[in-house]
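Okay, thanks everyone, let me get the model up on the screen. I'll talk through the DNA contacts and then say a bit about one of the protein chains.

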Number of protein chains: 2
Amino acid sequence: MEKVKSKRELILDIAESGILSKGFGATSIDEIIAEAEITKSGFFYHFKDKNELARALLQRYLDTEEAILDDVFTRARELHGDPLHSFLIGLKMLSEMMGDLPNGHPGCLVATVAYSERMFDRDVRTLNRQAILIWRERFLGMLQEIAAIYPPRDGVDLRTVADMISSTVEGGIVMSRAVGEPKVLAEQIVLLRSYIKLLFSPANPC
Amino acid sequence: MEKVKSKRELILDIAESGILSKGFGATSIDEIIAEAEITKSGFFYHFKDKNELARALLQRYLDTEEAILDDVFTRARELHGDPLHSFLIGLKMLSEMMGDLPNGHPGCLVATVAYSERMFDRDVRTLNRQAILIWRERFLGMLQEIAAIYPPRDGVDLRTVADMISSTVEGGIVMSRAVGEPKVLAEQIVLLRSYIKLLFSPANPC
DNA sequence: TGATCACCTGTACCGCAAGTGCAGTCTTCG
DNA sequence: CGAAGACTGCACTTGCGGTACAGGTGATCA
C-alpha cells in the first residue's frame with residue numbers, strides 16, 4: 001500500500017522540487033496539478049492560494065532540516081563527549097552528507113524566500129526569519145558550551161560565529177548551484193570546520 | 001542636464017531594483033514601463049524578451065562588481081605592500097562598505113540566477129558561471145601571492161579558500177535579508193578576515 | 001534638402017497562469 | 001441513512017509575456 005501518501009503531500013513534493021529548480025514564480029499551478037494528476041479545484045481545495053502553499057512548504061522544509069540537524073549533532077555527541085570535538089564531528093558529517101547528494105543540494109527554501117521577499121506574505125517571511133533565529137540559538141548554545149572549556153580567541157562574537165554556520169551553508173549552496181559544482185558546498189563546510197578548530201585551539205603565545 | 005540617461009539605462013535601473021526586491025518572475029514588464037514612462041513597444045525595442053533584459057542586467061551588475069573589487073584591493077595594496085596585510089585591509093574595507101549600505105546589501109543577481117535556473121536561458125546561466133570562476137581566479141591569485149610568503153596551514157586548498165570569499169558574501173547577503181539585519185553581512189566578512197589571518201599566521205609548534 | 005536611422009508611440013491581439021465560484025460526485029464512517 | 005472529506009467539472013476574470021505592425025520625431029550626414 002504505497003497509496004498512503006495524500007494528494008496534499010504529493011502537491012508539496014512536486015511543488016518543492018519545482019520551486020527549488022525553477023523558483024517560486026516559474027512553478028505554475030497548472031504544472032503541479034498535471035504532475036499530481038488532480039484538477040485545479042483539487043489544488044485550491046487544499047491551499048487557498050499559492051502563498052498558503054509556500055507557507056506549508058516552508059514549514060515542512062524547516063521541520064525536516066531541524067530533524068536532520070538534531071540527528072547529526074546528537075549522533076556526533078554520542079561519538080565524542082567533548083563539545084568541541086563532537087561539534088567538529090558533526091560538521092564533518094554534515095559536509096559528507098552534502099557531498100553525497102547525487103545532484104548537489106537541491107537548494108534552500110530560506111534563500112528562495114529571502115530573494116523574493118515581496119512575492120510572499122508577512123506570515124511566510126516571519127516564518128523564514130524565525131527559522132534563521134532558531135538556527136542561531138541552536139549553534140550559539142553549542143558554541144557557548146565549547147567556549148566554556150576552550151576559551152576562544154579574543155575579538156570574536158559567538159553569535160556571529162553561530163550565524164557563520166548557516167551563512168556557510170547558504171553561501172555554499174549558492175556557489176554550488178551557480179558554478180555547477182556540487183562539491184563546493186561540502187568543501188566550504190570543511191573550511192568552516194577548520195576555522196572553528198583554529199578558533200578554539202589554545203593560542204600559543206611563543 | 002540630467003537627461004543624459006537613456007531609457008535603456010532607466011529600464012535596467014528599475015528592473016534591477018525590482019528583481020532584487022521581488023525576484024525576476026514577480027517583476028512585470030508592465031510595472032517597469034509604467035515607472036520608466038515608456039510604452040511596451042519601447043521596452044521591446046531595447047530588449048527582444050525578458051531574458052535579454054536579464055542578460056544585460058547581469059552583465060552590467062558584474063561589471064560594476066568587478067570595478068568595486070578592483071578599486072578596493074588596489075587601494076588596499078597602496079596602503080600596504082605586503083600581500084597578506086593588504087588583503088586583510090581589503091576585506092576590512094569591503095566589510096565597512098557593506099555595513100555602510102543604508103538598507104543593507106540589495107542582493108546579488110548571481111544568487112538570483114542561481115536560484116531560478118530554468119527561468120533563464122543558457123547564455124545567462126553561462127555568464128553567471130563565468131562570473132564566479134573569474135572571482136575564483138582573482139582571489140586565488142591573491143592567495144597564492146600570500147602563500148608564497150606566509151605558508152598556509154596544511155590541508156587547506158587555496159582554491160577552496162578563494163571560493164570562500166565569494167561564498168561568505170553570498171551567504172551573508174542571504175542571512176542579512178532573511179533575518180532583516182543588514183549588519184550580518186559585514187560581520188561575516190570580518191569573521192572571514194579573522195580566518196584568513198589565522199590561516200596564514202605562522203603556526204607555533206610549542 | 002531630404003534620406004536614413006535611432007528611438008520611440010499606439011493599437012490590437014494571442015496564449016498562459018492565477019485565481020473565483022459553485023454545483024455535483026464518490027467514498028468513508030458513525 | 002446521512003454527513004463530512006476529498007475531490008471533479010466547468011465557466012469566467014484578470015494580469016502578464018509576447019507578437020505584429022504601422023506609424024512618428026528629432027538628429028545626423030551625403
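So, start at A:Lys50: an N or O atom in its side chain sits 3.2 Å from a phosphate oxygen of DNA strand C. Keep in mind that this is a predicted model, so please take every distance I quote as computed from predicted coordinates.

Staying with strand C, there's a second phosphate contact, from chain B this time: a polar side-chain atom of B:Tyr45 is 3.4 Å from a phosphate oxygen. And then there's a base contact. B:Ser41 has a side-chain N or O atom 2.3 Å from a base oxygen of DNA strand C. If you ask which elements give two or more residues to the surface near this strand, you get α2 (29-36) and α3 of chain A, along with α3 of chain B. The top contributor is α3(B), which gives 4 residues.

Zooming out a little, 17 residues surround DNA strand C, and the nearest are A:Ile29, A:Lys50, B:Lys7, B:Thr39 and B:Ser41. Of the strand C atoms that come within 4 Å of the protein, 57% are sugar and phosphate. By class, that surface has 7 charged, 6 polar and 4 nonpolar residues.

Okay, over to the other strand. What does A:Ser41 do at DNA strand D? An N or O atom in the A:Ser41 side chain is 2.5 Å from a base oxygen of strand D. On the backbone of strand D, chain B comes in with two neighbours in sequence. B:Ile29 uses a polar backbone atom, 2.7 Å from a phosphate oxygen. B:Asp30 has a polar side-chain atom 3.4 Å from a phosphate oxygen of the strand. The elements giving two or more residues here are α3 (40-46) of chain A, plus α2 (29-36) and α3 (40-46) of chain B. The largest share, 4 residues, is from α3(A).

For strand D the count is 16 surrounding residues, with A:Thr39, A:Ser41, A:Tyr45, A:His46 and B:Ile29 coming nearest. Sugar and phosphate make up 57% of the strand D atoms within 4 Å of the protein. The classes there are 6 charged, 6 polar and 4 nonpolar.

Now chain A itself. How many helices and strands does it have? The tally is 9 helices and 0 strands, so along the sequence you just read α-α-α-α-α-α-α-α-α.

The helix I'd like you to look at is α4, residues 50-79. Its 30 residues, at 1.5 Å each, should span 44 Å, and the C-alpha atoms at its two ends are indeed 44 Å apart, so expectation and model agree. Right at its start, a side-chain oxygen of A:Asp49 comes within 3.2 Å of the backbone nitrogen of A:Asn51.

For the overall dimensions, the C-alpha atoms of chain A fill a box of roughly 70 × 35 × 30 Å along the principal axes. Chain A has 206 residues, 54% of them counting as buried. Its accessible surface is about 9500 Å², and carbon and sulfur atoms own 54% of that. Finally, on contacts: among those in chain A with a separation of 6 or more, 67% are between residues 24 or more positions apart.

That's what I had, happy to go back to any of these views.

Note on methods: Residues numbered from 1 in each chain as written. Chains lettered and ligands numbered in written order. Predicted model: local features only at pLDDT ≥ 70, side-chain atom pairs only at ≥ 80, totals over all residues. Heavy atoms only, no water. Expected span 1.5 Å × (residues − 1). Polar contact = N/O pair within 3.5 Å; in protein donor to acceptor, adjacent residues only side chain to side chain. Near = heavy atom within 4 Å. Nonpolar A, V, L, I, M, F, W, Y, C, P; charged D, E, K, R; others polar. Buried < 20%, exposed > 50% of the residue type's maximum accessible area, 1.4 Å probe, protein only. Contact = heavy atoms within 4.5 Å. Areas by Shrake-Rupley, 256 points an atom, 1.4 Å probe, with all protein chains shown as cover.
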